[in-house]
Each structure stands twice: as C-alpha cells, then as structure tokens.
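User: I have a model open and want the reasoning behind its labels. Can we go through them one by one?

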Amino acid sequence: MFEPLCAALDAAGIACTRNELLADHCTFRIGGPADIFIKPCDEIQLCRAVAFCKEQGARYYLLGNGSNILFEDAGFRGAVLDLTAMKTGIGMKENVPGEEPGVVYCNVTVGAGMKLSTLCNFALNHSCTGLEFAYGIPGTVGGAIYMNAGAYGGEMKDVLTSVEYLAADGNIVEVPAAELDLSYRHSIFEENGGCILSATFRLKKGDAASIKARMDELMQKRIDKQPLDKPSAGSTLSISAVCGATATAGLPSAKSTAVLWSTWVAQLVPMYWHFVMK
Ligand SMILES: Cc1cc2nc3c(=O)[nH]c(=O)nc-3n(C[C@H](O)[C@H](O)[C@H](O)COP(=O)(O)OP(=O)(O)OC[C@H]3O[C@@H](n4cnc5c(N)ncnc54)[C@H](O)[C@@H]3O)c2cc1C
C-alpha cells in the first residue's frame with residue numbers, strides 16, 4: 001500500500017524505514033511500529049516528504065523528541081516524520097531593537113528539530129538570558145512551540161518572536177508569535193496542522209554566571225522532584241486538571257492529539273503523583 005510513497009521518497013533521496021518501533025522514539029518507551037518512518041535531513045526534504053504523503057493520501061504524524069506523546073501498541077498506520085533527524089543550524093543577531101532602554105537584545109534563530117537543551121546552552125554560551133526556564137524540558141524547539149511549553153514561571157510565549165512553518169496549503173509562511181494564539185500549553189499549531197520549521201527568540205544580554213546558576217538550580221529541582229530515569233511523558237495530572245479529566249482517563253486527550261492509549265499498565269506513583277509511568 002505504501003510502495004508508491006516509499007518509491008517517491010527513495011527517488012528524492014529521503015531516508016525512510018518500514019515498521020520502525022515507535023517505543024524507541026518516545027520517552028514513554030511505549031508504542032508499536034510505524035508503517036513508514038521518514039528521516040528528512042533538512043527543511044527541503046521535510047517539505048517534500050509532507051508533499052509526497054499528501055499526494056499519496058498517506059496519513060502522517062510530525063514527531064519531535066517524543067516527550068509528550070503516547071503511541072498505541074498497534075503502532076501508527078501511515079508515516080511518521082522524525083524531525084530530530086534534521087541537521088539544524090542556529091544563528092544569532094546582536095543589538096536588535098527591544099522595549100527596555102539600556103538593555104542589549106539579541107535574536108536567536110534555530111531549526112525546529114533542535115533540542116531545547118542545545119538552544120539553552122547556546123544562549124548561555126553567548127550570555128543571553130530568557131530561556132533558563134526551558135533548560136530541562138525534554139523536547140525539540142518545534143514540540144515546545146506546538147504546546148507553548150513552560151516551567152518555573154516561564155513559557156515559550158515570553159521569548160518567541162516569530163515562527164516559520166509549512167502551512168497546510170503547502171506554502172511556507174513566517175508569522176509573528178503574537179499571531180500564534182499562544183496560551184497555557186496551546187498554540188495555533190494544534191488546530192492548523194502546520195509544520196514548524198524554525199523559530200526566532202528574543203533574548204537579553206546578561207551575566208553568564210547568573211544564567212548558569214539559574215539553569216543549574218532549575219535542573220536540580222527536576223532531579224529532586226521528577227522520576228527522570230523512568231519512562232513517562234512528563235506531568236500529566238496538572239494538564240488533565242485543566243482539561244477537567246481524571247488522571248488515566250484524561251491522558252490521551254490531555255496529551256498530544258495523536259496520543260493513543262496503550263494496553264501497557266501505566267502507574268501513578270505516589271512520590272511523583274502527577275507522573276504516569278510505564
Ligand atoms: C520528564 C519530563 C518532564 C517534562 N517537563 C515538562 C515541563 O516542565 N514543561 C512542559 O511544558 N512540558 C514538559 N514535558 C513535556 C514535553 O517535554 C514537552 O511537551 C515538549 O515540548 C515536547 O516536545 P517534543 O519535541 O518531545 O514533542 P513531541 O512529543 O515529539 O510532540 C508533541 C506534539 O508536538 C507536535 N510537534 C512536534 N514537533 C513539531 C513541529 N516541528 N511542527 C509542528 N508540530 C510539532 C507533535 O506532532 C505532537 O503533536 C516533560 C516531559 C517529560 C518526559
């Protein structure tokens with residue numbers, strides 16, 4: 001059934017595998033095989049792969065770091081696009097205009113497949129402050145924007161200035177953050193089916209030692225309070241509470257829309273009461 005799609009991908013030199021186990025690509029470590037697992041190496045390949053899926057009528061799913069999803073044991077019928085396979089660049093523009101007088105602002109532009117931790121370390125290495133809250137949130141830049149990820153009083157909305165994405169109609173558009181409907185764990189991408197390609201963040205020049213101290217402090221809080229060595233998709237109950245659902249019943253709807261419940265026995269562990277673990 002997927003032969004024409006595989007042939008098109010092969011002809012375009014886009015790497016793909018059949019029956020890739022999704023458990024190997026998400027932090028819950030649960031999930032059966034994807035019919036096709038596509039690994040675009042850059043934005044051009046990603047856009048072509050999406051176009052091929054549409055042409056062939058294949059259902060597709062955009063996968064970041066897999067830190068906020070739960071695939072079902074039966075796997076995924078269609079194509080999963082692994083955005084972490086993309087080689088992502090990162091660039092910085094200093095002395096950009098900003099609101100506060102006397103403050104030096106920088107714009108950092110990064111590909112959607114880059115890990116948040118890499119972005120945070122880049123900011124630290126350039127003495128840029130604003131992203132400390134995100135250090136320790138597992139995931140990619142694209143996945144974090146998709147759900148306006150946040151922690152410890154910060155969220156992507158605070159530092160994001162614009163996003164370039166592949167729209168459902170096949171056009172690439174750049175949109176200011178103000179038009180992305182960013183709110184608590186929500187963005188417009190949950191509705192519009194866009195594929196985030198890159199993002200620009202506005203950061204302030206700061207003191208590297210203070211930035212590092214804050215990153216270390218927040219990471220230590222996670223180590224102390226979260227079961228980071230166990231398979232999970234992070235905090236579930238806090239989000240479920242917003243959705244008005246109970247813990248287990250709420251998980252599929254509270255997490256990504258592509259999330260599907262699993263026959264694996266997930267446990268609520270008292271010490272980490274808001275984490276559901278495999
Ligand atoms: C131990 C642990 C701690 C966590 N702590 C936090 C926390 O403090 N705060 C918090 O907000 N979250 C937290 N999370 C959840 C998770 O880290 C975030 O939701 C993260 O932003 C998910 O990014 P990802 O790349 O893993 O996305 P994925 O899980 O791969 O995907 C999530 C959704 O984003 C979509 N998506 C991914 N990339 C793109 C793209 N480029 N374009 C369009 N759509 C895309 C996917 O299709 C999917 O619907 C935690 C998770 C774990 C496991």
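User: Leaving aside neighbours within four places in sequence, which residues is Leu-81 in contact with?

Analyst: This is a predicted model. Leu-81 is in contact with Ile-38, Pro-40, Leu-46, Ala-49, Tyr-60, Tyr-61, Leu-62 and Leu-63. A contact here requires C-beta atoms within 7 Å.

User: What makes Leu-81 stand out in the largest nonpolar core?

Analyst: Its contacts inside that core. Ile-38, Leu-81 and Ile-196 have the most there. The core has 71 residues. Strand S12 gives the most to this core, with 6 residues.

User: Why is Cys-26 called buried?

Analyst: The cut-off is 20 or more other C-beta atoms within 10 Å. Cys-26 has 21, so Cys-26 is buried. Its place is in the loop between S1 and S2. Not counting residues up to four places away, Cys-26 touches Gly-31, Gly-66, Ile-69 and Phe-71. Cys-26 and Pro-231 are 205 residues apart in sequence, yet 8.7 Å apart in space, C-alpha to C-alpha.

User: Why does Asn-95 count as exposed?

Analyst: Exposed means 12 or fewer C-beta neighbours. Asn-95 has 10 inside 10 Å, so Asn-95 counts as exposed. The residue is found in strand S5, residues 90-96. Its phi is positive, near 55°, and Asn-95 is not a glycine.

User: And why is Ser-127 only called partly exposed?

Analyst: The class lies between the two cut-offs, 12 or fewer and 20 or more. Ser-127 has 18 other C-beta atoms within 10 Å, so the residue is partly exposed. Ser-127 lies in the loop between H3 and S7. Ser-127 also has a positive phi of about 55°, although it is not a glycine.

User: How do you know that the buried residues of helix H3 are on the same side?

Analyst: Take the residues first. In H3, residues 116-125, the buried ones are Leu-116, Leu-119, Cys-120, Ala-123 and Leu-124. They cover an arc of only 140° around the axis, which puts them on the same side of H3. What covers them includes strand S6 (105-111), strand S7 (128-129), helix H4 (141-146), strand S12 (195-205) and helix H6 (208-225).

User: What makes S1 and S3 edge strands?

Analyst: Each pairs on one side only. The sheet is open, has 4 strands in the order S1-S2-S4-S3, and shows mixed pairing. S1 spans 15-21 and S3 spans 60-63. The twist averages 30° from one strand to the next.

User: How do you know that S3 and S4 pair?

Analyst: Pairing needs at least two bridges. S3 and S4 (residues 76-82) are joined by 4, so they pair. They run parallel. Tyr-60 stands opposite Ala-79 in S4.

User: Which helices pack against these strands?

Analyst: Helix H1, residues 3-11, packs on the sheet and touches S1, S2 and S4. The direction of H1 makes about 20° with that of S2. Helix H2, residues 43-55, lies across S2, S3 and S4. H2 runs at about 165° to S4.

User: What is the pLDDT over residues 238-273?

Analyst: Below 50. Beyond near neighbours in sequence, this stretch has 63 contacts in the model. For the protein, the mean pLDDT is 87, and 82% of residues reach 70 or more.

User: How many helices and strands are there, and what share of the residues count as buried?

Analyst: The protein has 8 helices and 15 strands. Of its 278 residues, 42% count as buried.

Methods:
Residues numbered from 1 in each chain as written. Predicted model: local features only at pLDDT ≥ 70, side-chain atom pairs only at ≥ 80, totals over all residues. Helix = DSSP H or I, 4+ residues; strand = E, 2+ residues; numbered from the N terminus. Axes fitted to C-alpha atoms, helices over the stretch in contact; angles between N-to-C directions. Contact = placed C-beta atoms within 7 Å. Arc of directions from axis to C-beta. Core = buried A, V, L, I, M, F, W, Y, C linked by C-beta atoms within 7 Å. pLDDT = per-residue confidence, 0-100.
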